[in-house]
Amino acid sequence: MSVRFDDSTKQEVWQTLRALNDAWTKGKPDDLKNYFHKDMVAITATDRERLEGREACFNSWNNFAKAAKIHHWKEVEPRIQIYGNK
């Protein structure tokens with residue numbers, strides 16, 4: 001999928017998101033530690049409580065990636081919106 005954004009910052013965000021998704025969908029979940037913030041919080045469909053912190057989030061994604069067989073993954077119509085001061 002070729003995605004083009006006018007803004008170089010949006011392109012950088014898209015490339016990072018693609019790499020993050022590749023890590024867990026293509027069998028390299030250890031690479032997720034490169035993308036998860038130390039104070040990350042996540043709510044998932046498979047965990048009863050919210051996940052707090054890089055290690056908790058990583059462990060959940062890693063366990064899922066090891067237990068699941070992902071046959072196909074494709075982002076469709078990505079929309080990147082960036083908010084804040086330049």
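Is R18 buried, partly exposed or exposed, and what is its relative accessible area? In this predicted model, R18 is partly exposed, with a relative accessible area of 22%. The close-up views below begin with this residue.

**View 1. R18 and D22 form a salt bridge within helix α1.** The closest N and O atoms of the two residues are 2.7 Å apart. R18 and D22 are 4 residues apart in helix α1, so about one helical turn separates them. D22 has a relative accessibility of 24% and therefore counts as partly exposed, because a buried residue would have to fall under 20%.

**View 2. E75 forms a salt bridge with R18.** The closest N and O atoms of this pair lie 2.7 Å apart. E75 is in the segment after α2, whereas R18 belongs to helix α1, so the salt bridge ties together parts of the chain that are 57 residues apart in sequence. With a relative accessible area of 12%, E75 is buried, while R18 is partly exposed at 22%.

**View 3. The side chain of E75 makes polar contacts with the side chains of R18 and W73.** The contact between E75 and R18 spans 2.7 Å. The contact between E75 and W73 spans 2.9 Å. E75, located in the segment after α2, counts as buried at 12% relative accessibility.

**View 4. Salt bridges with shared partners join R18, D22, K26 and E75 into one network.** Side chains of opposite charge can pair when their charged atoms come close. The side chains of D22 and K26 meet in a salt bridge of 3.7 Å, N to O. D22 also forms a salt bridge with R18, and R18 in turn is bridged to E75. Within the network, K26 is exposed, with a relative accessible area of 60%, whereas E75 is buried. A search of the whole structure finds 6 salt bridges, among them R18 with D22, E75 with R18 and D22 with K26.

**View 5. F36 and W61 form an edge-to-face aromatic pair.** The structure holds 3 aromatic pairs. In the pair shown, the ring centres of F36 and W61 are 5.2 Å apart and the ring planes meet at 70°, so the arrangement is edge-to-face; planes over 60 degrees apart count as such. F36 lies in the loop between α1 (8-25) and β1 (41-42), and W61 lies in helix α2 (residues 54-67); the pair thus links distant parts of the chain, 25 residues apart. F36 counts as buried at 6% relative accessibility, whereas W61 counts as partly exposed at 21%.

**View 6. W24, F64 and W73 are linked into a cluster by ring pairs.** One of the three cluster residues, W73, also takes part in a polar contact through its side chain, with the side chain of E75 as the partner (2.9 Å). E75 is in the segment after α2.

**View 7. The charged end of K33 sits over the ring of F58.** The charged end of K33 is 4.6 Å from the centre of the F58 ring.

Note on methods:
Residues are numbered from 1 along each chain as its sequence is written. This is a predicted model: local features need pLDDT of at least 70, side-chain atom pairs count only at pLDDT 80 or more; totals for chains, interfaces and linings use all residues. Side-chain values use heavy atoms; hydrogens and water are left out. Rings of Phe, Tyr and Trp (its six-membered ring) pair if their centres lie within 6.5 Å; planes under 30 degrees apart count as stacked, over 60 as edge-to-face and the rest as tilted. Helices (H or I, at least four residues) and strands (E, at least two) are DSSP runs, numbered from the N terminus. Buried means under 20% relative accessible area, exposed over 50%, partly exposed in between (1.4 Å probe, protein chains only). A charge sits over a ring if NZ of Lys or CZ of Arg is within 6 Å of the ring centre and within 35 degrees of the ring normal. A polar contact is a pair of N or O atoms within 3.5 Å; within protein, one must be able to donate a hydrogen and the other to accept it, and residues adjacent in sequence count only if both atoms are side-chain atoms. A salt bridge is a side-chain nitrogen of Lys or Arg within 4 Å of a carboxyl oxygen of Asp or Glu.
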